[in-house]
Amino acid sequence: MSAQVIELPVRGHGRLALLGTGTVGSAFVQRYQRLQALGVGLPAFFWLANSRSALVCDAGPELPLQQARQAPRQARSLPPWAEAEGLRAGDVVVDATASEDVAGWHTQWLARGVHVVTANKLGQGAQLARAREISDCCAESGARYGDSATVGAGLPLLSSLRALRAGGDRIHRIEGVLSGSLAWLFDRHDGQRPFSASVLEALAAGYTEPDPRVDLSGEDVRRKLLILARASGLPLDASQVQVESLVPPALAALPLDQALQSLELLDAPLHARWREATGSGRVLRFVGSVDAQGARVELQALEGAHPLAQGAGTDNRVAIHSDRYRDQPLLIQGPGAGAEVTAAALLDDVLRIVGNGPRPIG
């Protein structure tokens, strides 16, 4: 059965709409169905959409998900979810994309009283003006913005920073391994297997962005660091973060399809960094750090006893230095990549919103 764009009718109150039908969106639907089968109170699925189609979910999201994933690309003046949106105050939009276009709609939904739950870092982790507008729209309309999936795939990072600030604590410094994909890659790399082969494996496992150069360039960590900094009361702009990219210029210039076939360009320079680090008894970690003096994203060779040198697999590991944690930082660690944990974080925010729990932002 072929997918098609359907004009979406207005139905009951407190409905759920999903944008994105890739690995995270699919995992979200699967987890939604498992929780629903257990009797967890969730909003009814209204529609789901990707860049090719928007489909109502009268009989549940499973079949529309399959149809949306199989839908052909079509020339459009507007994306299908914008042409047939039908949302109203009290509904919840879940953004499981990495789309700048979708992130640009966050403030429009919030201003209308539509809650937004997102794994898309381009809302809070892009332009400072957009992040401020998101906060202002929430304050004015009463809508909520669930962003716990944007950093650490639901680890209590943002909630901890906001709770510390609400309790009168001052955050002095944040440093961390913020990319689950890069944590996995550098934990796995042993100098024997080409680094590029591990990148392809991480992409297939859903650990990286659809274009793994977003991770390897440091851009993904920059966005996460900006989100953390802004939650800590440091109103950083993206241009204030110094970023070391791991992507050679020749690889950065290629279209995605060609880039995926040319990832071996990563191997020689990263093997040299690995050899230098191991020769001095250190380990490589891709670290983001921010304090009042500035912000940096870079590959570091850390001693084994360093707080950020620990952890394995896709673990994020973040150290928070504050008035309360001056002598010894607060350490938060756990898996920071993968469709399942990200989908769980999205649904946790949905449940907090519909259950009138603590606000995920502000």
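Start by selecting L158, L161, R162 and R165 in helix α7, then add I227, L228, R230 and A231 in helix α11: these two groups of residues meet each other. Sorted by type, the residues of this contact comprise five nonpolar, three charged and no polar ones. Keep in mind as you look around that you are viewing a predicted model.

Now show the two helices in full, residues 158–166 for α7 and residues 219–231 for α11. Their axes lie 9 Å apart and pack at an angle of about 20 degrees. An angle under 35 degrees counts as roughly parallel, so α7 is roughly parallel to α11. Turn the view until one helix lies in front of the other, and look for the right-handed crossing of α7 and α11.

Next, select S232, in the loop between α11 and β8 (241–243). Is S232 buried or exposed? Its relative accessibility is 7%, so S232 counts as buried. To see what surrounds S232, display L161, R165, I171 and I174, its contacts once neighbours within four places in sequence are left aside. You will recognise L161 and R165 from the α7 side of the helix pair. For a distance check, pick the C-alpha atoms of S232 and N316: they are 18 Å apart in space, while the two residues are 84 apart in sequence.

From there, go to A153, in the loop between β6 (145–146) and α7. Have a look at the backbone here: phi of A153 is near 50 degrees, a positive value in a residue that is not glycine. For context, most residues other than glycine have a negative phi. With a relative accessibility of 10%, A153 counts as buried.

Your next stop is S198, in helix α9 (residues 195–204). S198 has 2% relative accessibility and therefore counts as buried. Which residues is S198 in contact with, leaving aside its neighbours within four places in sequence? Show W184, L185, R188 and R193 to see them around S198.

Finish at helix α2 (residues 62–70), where you can colour the buried residues P64, L65, Q67 and A68. Look down the axis of α2: these buried residues fall within an arc of 165 degrees, so they line one face of the helix. To find out what that set of residues packs against, bring up α1 (23–37), β2 (45–49) and β3 (54–56).

Terms used:
Residues numbered from 1 in each chain as written. Predicted model: local features only at pLDDT ≥ 70, side-chain atom pairs only at ≥ 80, totals over all residues. Heavy atoms only, no water. Axes fitted to C-alpha atoms, helices over the stretch in contact; angles between N-to-C directions. Helix = DSSP H or I, 4+ residues; strand = E, 2+ residues; numbered from the N terminus. Parallel < 35°, antiparallel > 145°, perpendicular 65-115°, else oblique. Left-handed = near helix turned anticlockwise from the far one by under 90°. Contact = heavy atoms within 4.5 Å. Nonpolar A, V, L, I, M, F, W, Y, C, P; charged D, E, K, R; others polar. Buried < 20%, exposed > 50% of the residue type's maximum accessible area, 1.4 Å probe, protein only. Arc of directions from axis to C-beta.
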